[in-house]
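Me: Could you take a close look at one part of this protein for me, the nonpolar core, and tell me what builds it? I'd also be glad to hear how the rest of the chain fits around that picture.

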Amino acid sequence: MEECPICMNEYRSPKLLECKHTLCSVCLKKIHSLAKNPSNITCPICRQVTKLPREKNVDSLLTNFFVSTINVYICDSCDSRSEVPLIECESCSVCLCKPCFENHGKSSDDNNKCRNSDNIDDSTLYPDDPTMRGTIQYLLNGFVRSCYCGDLWGEFSVSGASRVTKILPVSAYSAWVLLDEGADVFKFNDSGHVEDKRTVGRGKTLDICWNEKDGLLAICQGFASVMRCLPSGPEPFIDTGNYHPTSLCNYRDDGIVVCALDVEEGVSYVMIYDSHQNLADIRWINERSTFKRIISVAYNDLTQQVCVADEERNMVYLLGNDRKCETYRKTMVFPTRGRPTEIERPDGFAPTSVCCDHDGTIFVHDFSSSSIHVLNAKGKLLGMVLGSDEDHTGDPWCINFGPDKKLWIGDMFSGHIRIYNIEKVFNRLHHRSSRQQRLIRVGGEDGIHDAFREMLSNSASIFSGIQNESGELSMENMHQLLSASEHGSGLLGQLTHQRMLLSGDSICMTRGLNGIEISSSREPENPEANRMVRRACASQVLEDREMQSRLAADGISVDEVLRACTDVDD
């Protein structure tokens, strides 16, 4: 049995290159789409160039009919094996056999329980609102996996105001509100009446923050400090030195997160202050990259992540305590809400506000699509927010959750504030493609099934003792792919695309004198771990457009990564 050396899955229309290497057409098409010369395609294993036939497409290459595979799929719940493809829950990403799928979300068993288990039922899906029902069905048909539906609980407008810059709910019925980046901050109740007012008094106010210990804090454009806004007037609170704050939020143990810009260098840092206003930590993206300009920041109490929206990099970053950084950028297929406002919206992704709910779910408003994206702690898109009111959340600019779990949304143009109950979640369940499923390759050697099963379930023991002396799982020139090792020639085990996402923190990518170098961040001196990471990285960089965008932002091409994954000799 043989399989594609790039995706490590069964061949999907295997194509033969001039170098005699065989790869599935799906992988070749992804490589070809990134090529500078559409007339040629470079083999990712040996780097030999193959000239495409006159049609200049992958399908015109010779098909290799001498390969075949058998797939055995493993249920994530009961561990049963079957040749029948599994069903994936698009909310929690588990792959289930049919019996487990039918009970998914209904059982008390923790291994067979889904938090968001509301399947689409036309009879109960907004029966009196065909527009809302149609929108949900449209979005779940290939765009997002879940729709978080908000029922309008309350709303009010602030006379004379346009943009609601920031909302800080302090109770179920009141919130501090910053309007038009003005010098005053108002406390409104849910009826729109002013209960309190504080003056920052230093020009353009960029952001505000509130906690019981320190009260109302604010930052102003052009000033390297954080101010505390007392009833008697503002007073200095934190001196940020040569850095100009652009956003701030609360941190654990009464600390404060201040995102500040180094004006001379044009880069920003996440600065964490303790409860005594002492600088405790400074964070950036990684050793190679820093933030540009941070427009919004939030702290996730459940996951202990600092969630950062960078308006120049057009990315959302999720910074963990272990220096691990997850990222999110809107995909090209994400739908854009048509709005009546005559304003030009940027292409791509333009995050303006980020917040977290009490379950650790992350909400991000994207100005370019006029939509609120919902993410998990890994930076994976879960769905989007839909308002059941007539205007469907309006034109948001800022979002935030209150202590009663209601979502407050501030409008960009009208000074309008809406409050929603986010209680209904509709998910999409569909069959997963074979390349995305956990599966075992069936070979001729006894015991190889268990080795692959262990590989998929325990990343710490990948490649341990898995060798194929009989050659039944080998491929032509596999030594080149596996980087010349005494153990490597028989190893075909690798993390799947899904496992790669779960273990993304294990990859360390650096730019050295000899180009891109890829190694294990956990065991950099372990050649076996480094080879594992390179194989997993090669698979993901072809599958994951988000990773491709992330690399492009750092000036790294996909071709460089593939070369680093295949040309290293340990």
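Reply: Happy to! The protein chain holds nine helices and 37 strands. Please keep in mind that this is a predicted model. Of the 570 residues in the chain, 52% are buried. Among contacts with a separation of 6 or more, 52% join residues 24 or more positions apart.

Now to the part you asked about. The largest nonpolar core has 34 residues. Those with the most contacts inside this core are Leu-17, Met-509, Ile-518, Cys-537, Val-541 and Val-561. Several elements supply at least two residues each: the strands β2 (22-24), β36 (507-512) and β37 (515-520), together with the helices α1 (25-33), α7 (527-543), α8 (545-553) and α9 (558-567). The largest share comes from α7, with six residues. Why does this core lie between domain 1 (3-60) and domain 3 (533-566)? Both domains give residues to the core, so it lies between them. As a general background, nonpolar side chains tend to be buried together in soluble globular proteins.

One of the contributors, α1, is worth a closer look. Its buried residues are Ser-25, Cys-27, Leu-28, Lys-30, Ile-31 and His-32. What covers these buried residues of α1 includes β1 (14-16), β2, β3 (40-42) and α7. Thus α7 appears both in the cover over α1 and as the source of the largest share of the core.

Apart from the largest core lies another one, of 23 residues. Among its members are Ile-136, Leu-139, Cys-356 and Leu-375.

Since cysteines turn up in both cores, you may wonder about disulfides. The count comes to zero. Take Cys-147: the nearest cysteine sulfur belongs to Cys-149 and is 5.7 Å away, whereas a disulfide needs the two sulfur atoms within 2.5 Å. Cys-147 is buried, with a relative accessible area of 0%. Cys-209 is also in no disulfide, and the nearest cysteine sulfur, that of Cys-249, is 6.5 Å away. Cys-209 is buried too, at a relative accessible area of 2%.

There is open space to consider as well. The second largest pocket has a volume of about 770 Å³. It is lined by 34 residues, and Asn-250, Tyr-299, Asp-301, Asn-400 and Phe-401 lie nearest its centre. The strands β11 (164-169), β15 (205-211), β19 (243-251), β23 (294-300), β27 (351-356) and β31 (396-401) each supply at least two residues of this lining. Of the elements involved, β23 gives the most, with five residues.

Finally, two loop residues have backbone angles you might like to inspect. Asp-254 is found in the loop between β19 and β20 (255-262), and its phi is near 65°, a positive value in a residue other than glycine. With a relative accessible area of 44%, Asp-254 is partly exposed. Asn-314 is found in the loop between β24 (305-310) and β25 (315-319). The phi of Asn-314 is near 55°, again a positive value in a residue other than glycine. Asn-314 counts as partly exposed, at 27% relative accessibility. For context, most residues other than glycine have a negative phi.

Key:
Residues numbered from 1 in each chain as written. Predicted model: local features only at pLDDT ≥ 70, side-chain atom pairs only at ≥ 80, totals over all residues. Heavy atoms only, no water. Core = buried A, V, L, I, M, F, W, Y, C linked by side-chain atoms within 4.5 Å. Buried < 20%, exposed > 50% of the residue type's maximum accessible area, 1.4 Å probe, protein only. Helix = DSSP H or I, 4+ residues; strand = E, 2+ residues; numbered from the N terminus. Domains from an automatic or database assignment. Contact = heavy atoms within 4.5 Å. 1 Å grid on protein atoms, 1.4 Å probe; cavity = no way out; pocket = protein on both sides within 12 Å on 5 of 7 lines; lining within 4 Å. Points joined across faces, edges and corners; volume = space filled by probe spheres on them.
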